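User: Could you take a close look at one part of this model for me, the stretch where two helices pack and the loops around it? I'd like the backbone oddities and the cysteines covered too.

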Amino acid sequence: MARVLVGVKRVIDYAVKIRVKPDKSGVVTEGVKHSMNPFDEIAVEEAVRMKEKKLATEVIAVSCGPTQAQETLRTALAMGVDKAIHVEVTGKDLDTLQPIHVSKILAKLAQDEKADLVIVGKQAIDDDCNQTAQMTAALLDWPQGTFASKIEKGDGILTIVREIDGGLETVKVKTPAVLSADLRLNEPRYATLPNIMKAKKKPLKKLTPKDLGVEIKAHQEVVSVEDPPVRQAGSIVPDVDTLAAKLKEGGFA
């Protein structure tokens with residue numbers, strides 16, 4: 001029976017149109033709807049299903065971020081997570097928070113909470129880094145199963161079907177291990193109103209990176225954030241010869 005630690009990130013909601021700040025230092029977050037990173041929702045769902053199948057004894061959700069990250073954790077608790085840990089990161093530290101810092105925090109908490117599995121989404125939809133699972137596994141020196149579209153638990157061994165460029169790859173890893181959830185792993189449940197009410201009474205512990213011995217130090221600097229170029233209007237050509245000429249003219253052929 002395993003203890004599962006799940007990483008969840010508060011991100012700008014996937015349905016919101018992103019706006020770049022006038023000074024190009026980042027994107028506008030004030031007054032913008034936020035929600036749980038969709039890939040992390042899948043990770044939470046998988047962990048909760050493991051508990052329902054009696055494959056896990058306890059599921060713990062972790063989120064690093066401002067006070068509002070507690071709302072994201074309450075969503076995880078309403079989905080069936082047992083308890084939550086909020087690692088508060090605010091101000092300038094929040095601006096410099098990078099996957100390496102989150103990985104150090106998750107690795108330390110995995111040890112402190114005696115977790116057998118760490119599950120995170122394969123990437124966050126805001127920065128698209130796809131680094132946290134891999135670095136957490138490296139810091140813990142645990143095997144990893146990334147981009148998982150199917151997870152089967154045996155006796156101390158996990159069989160994972162991974163989505164790769166060439167198709168599907170099946171790997172077996174021993175526990176403890178770090179996994180990252182891909183889109184087709186499952187379809188997350190909606191939190192019901194009774195469970196949302198119950199989630200308010202579930203334990204939520206607050207920590208800081210300092211409590212865990214992690215320093216939030218910038219390893220890279222964002223020079224500029226810009227909108228993608230506006231697509232030019234297309235045109236209809238009468239025949240193949242004109243198409244070839246247009247492509248040549250544009251330097252595409």
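Analyst: One cut-off first: buried means under 20% relative accessible area, exposed means over 50%, and partly exposed is in between. With a relative accessible area of 29%, cysteine 129 is therefore partly exposed. Keep in mind that this is a predicted model.

Let's stay with the cysteines for a moment. Zero disulfides turn up in the structure. Cysteine 64 is in none, and its nearest cysteine sulfur, on cysteine 129, sits 14 Å away. A disulfide needs the two sulfur atoms within 2.5 Å, so cysteine 129 is unpaired as well, with the sulfur of cysteine 64 as its nearest at 14 Å. Cysteine 64 has 15% relative accessibility, so it counts as buried.

Now the helix pair. Two packed helices are described by the angle between their axes and the distance between the axes. Here the players are H4, residues 99-112, and H5, residues 132-140; their axes come within 8 Å and cross at roughly 50 degrees. That makes H4 and H5 oblique to each other, because an angle only counts as roughly parallel under 35 degrees and as roughly perpendicular from 65 to 115. As for handedness, H4 passes H5 in a right-handed crossing.

Who does the touching? On the H4 side you have Pro99, Ile100, Val102, Ser103, Lys104, Leu106, Ala107, Ala110 and Gln111, while H5 brings Thr132, Met135, Thr136, Leu139 and Leu140. Sorted by class, that contact of H4 with H5 comes to nine nonpolar, four polar and one charged residues.

The loops around these helices hold some backbone quirks. Most residues other than glycine have a negative phi, and most peptide bonds are trans. Lysine 114, in the loop between H4 and strand E6 (117-121), goes the other way, with a positive phi near 55 degrees. Its relative accessible area is 62%, so lysine 114 is exposed. Aspartate 128 also has a positive phi, near 55 degrees, and is found in the loop between E6 and H5. At 47% relative accessibility, aspartate 128 counts as partly exposed.

One last oddity is away from the helix pair in sequence: a cis peptide bond joins threonine 175 and proline 176, with omega at about 5 degrees. Proline 176 lies in the loop between strand E9 (167-174) and strand E10 (177-181).

How values were computed. Residues are numbered from 1 along each chain as its sequence is written. This is a predicted model: local features need pLDDT of at least 70, side-chain atom pairs count only at pLDDT 80 or more; totals for chains, interfaces and linings use all residues. Side-chain values use heavy atoms; hydrogens and water are left out. Axes are lines fitted to C-alpha atoms, for helices over the stretch in contact, and angles run from 0 to 180 degrees between N-to-C directions. Helices (H or I, at least four residues) and strands (E, at least two) are DSSP runs, numbered from the N terminus. Angles under 35 degrees count as roughly parallel, over 145 as roughly antiparallel, 65 to 115 as roughly perpendicular and the rest as oblique. A crossing is left-handed if the near helix is turned anticlockwise from the far one by less than a right angle, and right-handed if clockwise. Contact means heavy atoms within 4.5 Å. Ala, Val, Leu, Ile, Met, Phe, Trp, Tyr, Cys and Pro count as nonpolar, Asp, Glu, Lys and Arg as charged, and the others, Gly among them, as polar. Buried means under 20% relative accessible area, exposed over 50%, partly exposed in between (1.4 Å probe, protein chains only).
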